[in-house]
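Okay, thanks for coming, everyone. Let me put the model up on the screen and then we can walk through it together.

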Amino acid sequence: MSVTSAPSATATRLPGRLLALLSLTCGVSVANIYFPQALTPLIADDFSISSGSAAFVVTAGQFGYAAGIFLLVPLGDRLPWRRLLAVLLSLTGAGLLIAGTATTPLVLTVASVLVGTTTVVPQIIIPLAAGLVAEHRRGAATGILLSGLTLGILLARAFGGGLGGWLGWRAPYLLAGALVLILAAVVPSLVPAHRPASAPAYLDLLKAPAELLRTVPELRRSCLYQALVFAGFSAAWTLVPLLMTGPAYHLGTGAVGLVALVGAGSVLSTPFAGRLIDRYGTDRMSLWCLLGALAAPVVLLPASTGGAAGMTALIAGMLVLDVALQSGQVANQTRIFSVRPDARSRLNTTYMTCVFLGGSLGSWAGVTLYRHAGWATALSAVLLINAVALGRHVLHLTYGRRRGAGTAGP
């Protein structure tokens, strides 16, 4: 296979089978952050530690993931794809095997940090794929990859809890490690070889987010849209277990897990959203998604009444919010990948950092408001922040029409 000096959206085609494999790789990789959450009680019993200490092991992996986004994802603009994917997948596989054979909580924690830091492969694959497809197919390709990512998140806890309950907490780590190592042997060899057009210094890569936010308007508004919607989404999903296990429903955590499966709707919606983006553009999809995000807390409001009607409102509202979030993600990432082809990994680093920051703040705000003022007040905050995102987008669309350019704007 020939080596290209830079990704070319017009000269290179991403075969459907390779796109499916990359989507699978995204799902398997992101699952490594989520499946340990179902193993906390088993880890606590095995090591004779508190559930809080066992939960820290899981949290350590999430901190590692945040660090990996900032420290490793920008390398996608500096290093050949094959080498970078091979190294990261191999390190992730090794970390999972170390975790599965850990004899002390400390070793398990260190291994979790290693796994979290190196399993950022999806955030490298998504901009990589954007450079391998023609512009009119970029939305569809991004949607397919995000559907794999979402499916990995949905199935991760079932995989960890089911296999862990049957064979012990080590089994999910060992099986996941073996699967990732197989991907490490297969995926890099199938990805088109390329040589980056430039090799920015590593410190320059780390300084890029602030500079890109300052100089790229399309990145700023995409970050704002998704950070606000993800803040509302995180707040809502933080509230759902509190509501369902409280006096309105008196249900257990198993029922919460079943309601969480409504996210499967977004697995189907993201490829469809990608095709609509390729046909109508990112701005129209953002408008639809922000309207959906604004409607979701209104649909959710009656959920606090309990009963069948309340549960129907809860499921419908969370489905609307999940589809709006994930479809909006396709629109926003498609938009930013079209801005600077030479800096797609750095753009994605900036974008994902803003999104995760918004989600973290949303979770905190949601719990705080719920405990002090209740369900309706917390949902009012979700409505407000989604309204801010929609208002910003309407200003952009109005500005673009005045300029006579459908995608121009502040």
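I'll go through the open pocket, the closed cavities, one helix pair and a salt bridge.

So, one thing up front: this is a predicted model, so please keep that in mind as we go.

Let's start with the pocket. How much volume does the largest pocket have? About 1,900 Å³. The lining has 48 residues, and the ones closest to the centre of the pocket are Y34, Q37, I153, R157 and F233. If you want somewhere to centre your view, try those five residues. As for which elements build the wall, α1, α3, α7, α10, α11 (253–260), α14 and α15 (344–373) each put in at least two residues. The largest share comes from α15, with eight residues. Chemically, the pocket lining splits into 27 nonpolar, 19 polar and two charged residues.

Okay, now the closed spaces. Rolling a probe the size of a water molecule over the atoms shows where empty space is left. With a cut-off of 30 Å³ or more, we get two cavities here.

The largest cavity holds about 90 Å³ of space. Around that cavity you'll find N32, I33, P36, V57, V58, G61, Q62, L96, S112, V115 and Y173. Two or more lining residues come from each of α1 (16–34), α3 (51–71) and α5 (105–118). Which helix gives the largest share of that lining? That's α3, with four residues. The lining is seven nonpolar and four polar, with no charged residues.

The second largest cavity comes in at about 60 Å³. Its lining is made of Y225, Q226, V229, S286, C289, L290, A293, A324, L325, G328 and N332. Here the elements supplying at least two residues each are α10 (217–244), α13 (282–300) and α14 (307–337). By class, this lining has seven nonpolar residues, four polar ones and no charged ones.

Next up, a helix pair. Two packed helices are described by the angle between their axes and the distance between the axes. Take α7, residues 138–167, and α8, residues 170–190: they pack at about 120°, and the axes are 7 Å apart. At that angle, α7 counts as oblique to α8. On the α7 side, the contact uses F159, G160, L163, G164 and L167, while α8 brings A171, P172, L175 and A176. Sorted by type, that contact has seven nonpolar residues, two polar and no charged.

Last topic, the charges. Side chains of opposite charge can pair when their charged atoms come close. In this model the count is seven salt bridges, and I'll just show you one of them. The side chains of R170 and D46 pair up at 3.6 Å, N to O. What does that salt bridge tie together? R170 sits in helix α8 and D46 in helix α2 (residues 40–47), so the pair links parts that are 124 residues apart in sequence.

To recap the spaces: we have a largest pocket of about 1,900 Å³, plus cavities of about 90 Å³ and about 60 Å³. That's my bit, happy to rotate the view for anyone.

Key: Residues are numbered from 1 along each chain as its sequence is written. This is a predicted model: local features need pLDDT of at least 70, side-chain atom pairs count only at pLDDT 80 or more; totals for chains, interfaces and linings use all residues. Side-chain values use heavy atoms; hydrogens and water are left out. On a 1 Å grid over the protein atoms alone, a cavity is a set of points where a 1.4 Å probe fits but cannot get out, and a pocket is an open set with protein on both sides within 12 Å along at least five of seven lines; lining residues have an atom within 4 Å of a point. Grid points are joined across faces, edges and corners, and a volume is the space filled by probe spheres set on the points. Ala, Val, Leu, Ile, Met, Phe, Trp, Tyr, Cys and Pro count as nonpolar, Asp, Glu, Lys and Arg as charged, and the others, Gly among them, as polar. Axes are lines fitted to C-alpha atoms, for helices over the stretch in contact, and angles run from 0 to 180 degrees between N-to-C directions. Angles under 35 degrees count as roughly parallel, over 145 as roughly antiparallel, 65 to 115 as roughly perpendicular and the rest as oblique. Contact means heavy atoms within 4.5 Å. A salt bridge is a side-chain nitrogen of Lys or Arg within 4 Å of a carboxyl oxygen of Asp or Glu.
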